[in-house]
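Trainee: Please take a close look at one part of this model, and then set that part beside the rest of the structure. I would like one connected account rather than a list.

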Amino acid sequence: MWLWFSKLGSPKWFYELSGKWLPWLVIPMAMLLIVGIIWALLFVPPDYQQGETIRIMYIHVPFASISLAFFPLMAVAGTITLVWKMKLADMVAKVAAPLGAWFTVLALASGSIWGSDIWGTWWIWDGRLTSMLLQFFLLIGVISLRSALEDTDAAAKACAVLSIVGCINVFVIKYSVDWWNTLHQPSSSFSLSDEAPNPPEVWVPLVIMIVAVYLFFAVSLILSTRNEILVRERRAQWVQELVEAK
Amino acid sequence: MTGQQATSGQAFRATLKRDLVIAYKRKNDVVNPFMFFLIVATLFPIGISPDPARLGEVAAGVLWISALLASLLAMDNLYRADYEDGSLEQLLLSPHPLYFLVLAKNISHWLVSGLPVVLVSPLIAYMLNLPDEAYGVLLITLLMGTPVLSLLGSIGVALTVGLGSRGLILAVITLPLSVPVLIAGTITVQQTLNGAELGGYLAIMGAMLVGALTLAPLASAAALRISVN
């Protein structure tokens, strides 16, 4: 177990292993994305209330749900960085922050477009929207702290601390914002768990899209981590051999 | 403290006293956040409307946001002078738990920068036409909330103390972290005006204060060890 753990910390080992994994992730991702998007955009019956707009859900929900994973991910990676000083964990944490910001922006933007039609406004200070926006700000904070600190090691630890604090805070924000919102205005009648009869032709493509976007998340995280490995290990012999071989 | 080993309690008191003495000698650091609070609070009526009715509605939020910004502005000199003259390193080298020393610095910093803002807030509240029944609750929430702001800000300062230009980064890091306190504080004041029972709201603010007192100095201490090496 520990041997495996310390091996996982080796960037070279991860680079080689993830190279083998990638096709097994990319191929299902591409297939599911194609099937899911075509199904969602062309074949799902229009919603009886929202009409064609319901199709945005198939983009919005997967992105919104995965963007909640970034702070826990960064906090776990940060803890590993602080406790075991594993370089790989910090590489993952580093690339996760900008990715998380992009996913959050996509969730906000798709939600905003959807909202412009069904709520009649691009933005409301709804609890969920507000906590997403604040999560975006917190991610930007982590990114700017990382770029401000020149020493890689100090940046790794500082961002680890900030990610852990931020992760706790994201949960507190989520609850406090819900609380704030429900007191200030009645929450908009929008719920996915509406026990309305949702026929399979509505939710099956959604499940497909969610799995596809999760795979997309994994692939982008692995690809950018591989990139980061090459950048940071550029002086290592195995990277130079790799470059020469190409 | 030669010869015999001081207890952590003594170290805590010594740090607290030292910081208070330094603040007393450098009165500008005390006066500036306070003046900043007054000025920001003055900008709101000018920017929004001089109409007393409208101001009364937003007064609690204005006071809270002004207090938040004043606390942020004041944070910068929490560790900087000590970092520049090397005494921060001495703190880190001391055999006492850094938690207590950081807590002492945070408390003394709040006493000189947070407390004056809390104490002057009724005056601003009056100028902003805050309804009478909210004064007491406003004071209580600010008393409970501004220490949390200081404790959270301390983490941000500790992370950025080694940086050349840290003002904006500090704001970007700290302000989103402060949102729950802002929400709790303003809701509590609003609920007074609605005539609601306050026990639960104050309990939540108390929970935030206790949580921040317990956890935030740990994060600050870890961050200081990273920044000073």
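Mentor: Contact here means heavy atoms within 4.5 Å. The model is predicted. With that said, start at Ser87(B), a residue of helix α5 of chain B, which covers residues 87-93. Is Ser87(B) buried or exposed? A residue counts as buried when its relative accessible area is under 20%. Ser87(B) has 18%, so it falls on the buried side. Leaving out residues up to four places away in sequence, Ser87(B) touches Arg18(B) and Asp82(B).

Those two partners lead to another residue. Lys105(B) sits in helix α6 of chain B. With the same kind of neighbours left out, up to four places away in sequence, Lys105(B) touches Arg18(B) and Asp82(B). The list for Lys105(B) also includes Thr15(B), Asp19(B), Leu78(B), Tyr79(B) and Leu91(B). Lys105(B) has a relative accessible area of 2%, and is therefore buried.

Helix α6 of chain B spans residues 98-127, and Tyr126(B) belongs to it. Is Tyr126(B) buried or exposed? The cut-off for exposed is over 50%. Tyr126(B) has 63% relative accessibility, so it counts as exposed. Helix α6 thus holds a buried residue, Lys105(B), and an exposed one, Tyr126(B). Tyr126(B) can also be placed against Pro147(B): 21 residues separate them in sequence, and their C-alpha atoms are 23 Å apart in space.

Next comes the place where the two chains touch. The size of an interface is often given as the accessible area lost when the parts come together. For chain B and chain A the buried area is about 2,000 Å², and 86% of it is on carbon and sulfur atoms. On the side of chain B, Leu159(B), Leu177(B) and Ile226(B) lose the most area to chain A, together 25% of what that side buries. Four helices of chain B, namely α7 (135-160), α8 (167-177), α9 (179-193) and α10 (199-227), each supply at least two residues of the side that touches chain A. In residues, the contact takes 21 from chain B and 25 from chain A. How many salt bridges are there between chain B and chain A? The count is 0. Polar contact across this interface comes to 1 residue pair, with both residues at pLDDT 80 or more.

That leaves chain A itself. Chain A has 9 helices and 0 strands. Of its 246 residues, 47% count as buried. Among contacts in chain A with a separation of 6 or more, 79% join residues 24 or more positions apart. The accessible surface of chain A is about 13,000 Å², with 69% of it belonging to carbon and sulfur atoms.

Part of the surface forms a nonpolar patch of about 660 Å², made by Ile34(A), Ile37(A), Ile38(A), Leu41(A), Leu42(A), Phe43(A) and Ile59(A). Which helix gives the most to the nonpolar patch? Helix α2 of chain A, residues 11-43, does, with 6 residues. Ile38(A) lies in helix α2 of chain A. Partly exposed is the class between the two cut-offs, 20% and 50%. Ile38(A) has a relative accessible area of 39%, so partly exposed is its class.

Notes
Residues are numbered from 1 along each chain as its sequence is written. Chains are lettered from A and ligands numbered from 1 in the order in which they are written. This is a predicted model: local features need pLDDT of at least 70, side-chain atom pairs count only at pLDDT 80 or more; totals for chains, interfaces and linings use all residues. Side-chain values use heavy atoms; hydrogens and water are left out. Patches are made of residues with over 30% relative accessible area and no salt bridge: like charges are joined within 9 Å, nonpolar side chains (Val, Leu, Ile, Met, Phe, Trp, Tyr) within 5 Å. Accessible areas come from the Shrake-Rupley method with a 1.4 Å probe; for residues, only the protein chains shown count as cover. A salt bridge is a side-chain nitrogen of Lys or Arg within 4 Å of a carboxyl oxygen of Asp or Glu. Buried means under 20% relative accessible area, exposed over 50%, partly exposed in between (1.4 Å probe, protein chains only). Buried area is the accessible area (1.4 Å probe) that two parts lose on being put together, summed over both. A polar contact is a pair of N or O atoms within 3.5 Å; within protein, one must be able to donate a hydrogen and the other to accept it, and residues adjacent in sequence count only if both atoms are side-chain atoms.
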